[in-house]
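Thank you all for coming. I would like to take a few minutes to walk through one model, beginning with the whole chain and then moving to single residues.

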Amino acid sequence: RNRTLLLLAVFVVFAVAAGVIGISDNAVGISLVVLSAASLVLAVAHSWSTSVQYRRLAVASALGFVVLLALGIALSASVDLTAMPGLVGRILGVVGTGFLLGAGFLCIPGFAVGVIGIAIMRRRERGQRLNDRRHG
């Protein structure tokens, strides 16, 4: 519970810092957003105890990346190609940009946490099986 709250606090601090610094053509701001998203994913995933859970996270993040990227590109292209005027065009443009940001800033850190979690949990599971064989 304390670790979850700490990770959520890190998420908030990094997100606020990224907002203050800005992410437009700013490597530090972009890094803070990615670290913020990773800490949010870790706040949810840190208590998982099997590699299967992390594999699901990695697969869901990879699929989410593809889907969000496709939706973002499709919406942006439809707005550009049809030259939608007014409020509808602006809303679709914002939604498309949101999909692209979600793909980049949430799915990529989610995939990284999933892959690293798989490696760590497999190592733990393998060590536990070896220990069970020795003492069992």
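**From the whole chain to single residues**

Of the 136 residues in the protein chain, 24% count as buried, and please keep in mind throughout that what you have in front of you is a predicted model. The protein chain contains four helices and zero strands, so that reading along the sequence gives the pattern α-α-α-α.

As to overall dimensions, the C-alpha trace spans about 70 × 30 × 25 Å along its principal axes. The radius of gyration of the protein chain is 19 Å, whereas a compact globule of 136 residues would have a value near 14 Å. If we look at contacts with a sequence separation of 6 or more, 71% of them in the protein chain are accounted for by residues 24 or more positions apart.

Turning to the surface, the accessible area of the protein chain comes to about 8,900 Å², and 70% of that belongs to carbon and sulfur atoms. For those of you who will think about charges, the protein chain carries 12 positive and 4 negative side chains, with the centres of the two sets lying 14 Å apart.

Let me now go inside. Which residues make up the largest nonpolar core? There are eight in all, namely Val-41, Ala-45, Tyr-54, Leu-57, Ala-58, Val-113, Ile-118 and Met-121. The elements that give two or more residues to this core are H2, helix H3, which covers 51–82, and H4. One of the core residues, Val-113, is in contact with Ala-38, Val-41, Leu-42, Tyr-54 and Leu-57, once its neighbours within four places in sequence are left aside.

Next, I would like to take two serines together. Ser-36 lies in helix H2, which runs over residues 27–45, and Ser-39 has its place in helix H2 as well. Are these serines buried or exposed? Ser-36 counts as buried because its relative accessibility is 3%, and the cut-off for buried is under 20%. Ser-39, at 5% relative accessibility, counts as buried by that cut-off too. Not counting residues up to four places away in sequence, Ser-36 touches Phe-11, Phe-14 and Ala-15. For Ser-39, leaving aside its neighbours within four places in sequence, the contacts are with Leu-7, Val-10 and Phe-11, and Phe-11 therefore appears in the contacts of Ser-36 and in those of Ser-39.

Before H2 comes a residue that deserves a careful look at its backbone. Asp-25 lies in the loop between helix H1, residues 2–21, and H2, and Asp-25 has a positive phi of about 55 degrees although it is not a glycine. Asp-25 counts as exposed because its relative accessibility is 82%, with the cut-off for exposed being over 50%.

Moving on to helix H3, we find Leu-63 there, and the question is whether this leucine is buried or exposed. With a relative accessible area of 55%, Leu-63 is exposed, because exposed means over 50%. The C-alpha atoms of Leu-63 and Phe-111 are separated by 9.7 Å, although these two residues are 48 residues apart along the chain.

Finally, let me turn to helix H4, where I have picked two residues. Gly-93 lies in helix H4, and its relative accessible area of 21% makes it partly exposed, because that class lies between under 20% and over 50%. Gly-93 and Ile-73 are 20 residues apart in sequence, and C-alpha to C-alpha they are 9.9 Å apart in space.

The other residue is His-135, which is found in helix H4, residues 86–135. His-135 is exposed, with a relative accessible area of 66%. How far apart in space are His-135 and Gly-102? From C-alpha to C-alpha, His-135 and Gly-102 are 47 Å apart, with their positions 33 residues apart in sequence counted as a separation. I will stop there and take questions.

How values were computed. Residues numbered from 1 in each chain as written. Predicted model: local features only at pLDDT ≥ 70, side-chain atom pairs only at ≥ 80, totals over all residues. Heavy atoms only, no water. Buried < 20%, exposed > 50% of the residue type's maximum accessible area, 1.4 Å probe, protein only. Rg over C-alpha atoms; globule rule 2.2 N^0.38 Å. Contact = heavy atoms within 4.5 Å. Areas by Shrake-Rupley, 256 points an atom, 1.4 Å probe, with all protein chains shown as cover. Lys, Arg positive; Asp, Glu negative; His and termini not counted. Charge placed at Lys NZ, Arg CZ, Asp CG, Glu CD. Core = buried A, V, L, I, M, F, W, Y, C linked by side-chain atoms within 4.5 Å.
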